Amino acid sequence: MRALDDRTVRLFIALAAFFCVNAVLAEFIGVKIFSLEGTLGIAPVHWQLLGEGGTLDFTAGTVIWPIVFIMTDTVNEYFGRRGVRLISYLAAGLVAYAFLFAFIAIQLAPAGWWVGSAQNQGVPDYQAAYAAIFGQGMWITVGSLVAFLIGQLVDIHTFHHIRRRTGERHAWLRATGSTAVSQLVDSFVVLYIAFVLGPAHWPTSRFLAVASLNYAYKLLAAVALIPLLYLARAGIHRYLGEARAQALIRRAVADNDPAQPPHPFPLD
């Protein structure tokens with residue numbers, strides 16, 4: 001059988017591709033700050049924390065990051081540590097690659113007619129708008145990449161720590177638990193690098209308040225998407241067949257914890 005005819009190989013390629021495109025998209029759409037209240041059509045919620053305050057405004061990237069969490073846990077479930085590390089390093093490399101060519105594209109001399117071609121859309125200088133959208137600051141870029149990699153490695157460790165204690169039961173617990181820990185790290189690391197170490201030099205109170213608010217949003221989103229995790233599991237078992245899916249799970253368990261015999265666990 002050729003490798004690409006194998007359903008397990010096809011599954012991993014599909015999961016890796018979807019994971020990577022979501023990671024890259026989250027970085028690029030994250031330049032937009034949106035109002036959660038305005039999007040939901042509700043009155044503004046004014047929060048106060050550590051002497052700081054504001055409304056529920058988030059980067060657009062937070063809309064898609066929960067999907068990345070689900071993909072991480074799905075790959076972890078069936079392909080173990082090696083699978084998640086591979087797609088995490090691949091995604092980080094692709095994000096860096098994308099930012100590099102976005103920077104190169106910004107430096108290209110714009111055609112004179114193109115600069116003013118969107119004036120009727122309220123954009124007087126297309127080049128300036130293009131640079132503002134795709135030219136995220138170095139500190140934000142570095143912060144995003146570092147936080148992403150650290151968060152992924154923490155997620156892997158936490159996921160399998162919970163799995164060793166619960167066996168194959170409670171998929172929601174290891175998925176939500178690993179996300180809760182990894183995103184606690186991610187939310188604080190990215191803002192610390194981008195806005196405390198970076199030129200903005202946020203005070204500690206603002207850093208802690210905004211990071212805590214972002215973390216709460218990500219955690220609630222992860223909990224809300226638990227049904228999607230079970231839907232993905234059901235689809236994978238249907239695609240591979242129950243025996244093949246269980247064999248993958250047992251292999252992932254054995255690869256991650258050689259001391260644990262790869263016996264089948266009861267599914268919840």
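**From the nonpolar patch to the cores**

Let's start on the outside: helix H6 supplies five residues to the nonpolar surface patch, the largest share. Keep in mind that this is a predicted model. The patch covers about 600 Å² and is built from Met 138, Trp 139, Val 142, Val 146, Ile 150, Tyr 192 and Leu 197. Helix H7, running from 171 to 197, joins H6 in giving two or more residues to the patch.

Take one of the patch residues, Val 146. Val 146 sits in helix H6. Is Val 146 buried or exposed? Neither label fits: its relative accessible area is 32%, so Val 146 counts as partly exposed.

Now go inside. The largest nonpolar core has 36 residues, and those touching the most other members are Phe 19, Trp 65, Val 75, Tyr 78, Phe 79 and Phe 148. At least two residues of this core come from each of helices H1 (7-29), H3 (61-107), H6 (138-166), H9 (226-240) and H10 (242-256). So which helix gives the most to this core? That's H3, with 16 residues. H6, then, turns up both here and in the surface patch.

Phe 148 makes a handy place to look around. Leaving aside residues up to four places away in sequence, Phe 148 touches Phe 19, Trp 65, Val 68, Ser 88, Ala 91, Ala 92 and Asp 186. Two of these partners, Phe 19 and Trp 65, are also on the list of core residues that touch the most other members.

There's also another core, lying apart from the largest one. This one has eight residues, including Phe 34, Trp 47, Leu 56 and Tyr 217.

Terms used
Residues numbered from 1 in each chain as written. Predicted model: local features only at pLDDT ≥ 70, side-chain atom pairs only at ≥ 80, totals over all residues. Heavy atoms only, no water. Core = buried A, V, L, I, M, F, W, Y, C linked by side-chain atoms within 4.5 Å. Buried < 20%, exposed > 50% of the residue type's maximum accessible area, 1.4 Å probe, protein only. Helix = DSSP H or I, 4+ residues; strand = E, 2+ residues; numbered from the N terminus. Contact = heavy atoms within 4.5 Å. Patch = residues over 30% accessible without salt bridge, like charges linked within 9 Å, V, L, I, M, F, W, Y side chains within 5 Å. Areas by Shrake-Rupley, 256 points an atom, 1.4 Å probe, with all protein chains shown as cover. Salt bridge = Lys/Arg side-chain N within 4 Å of Asp/Glu carboxyl O.
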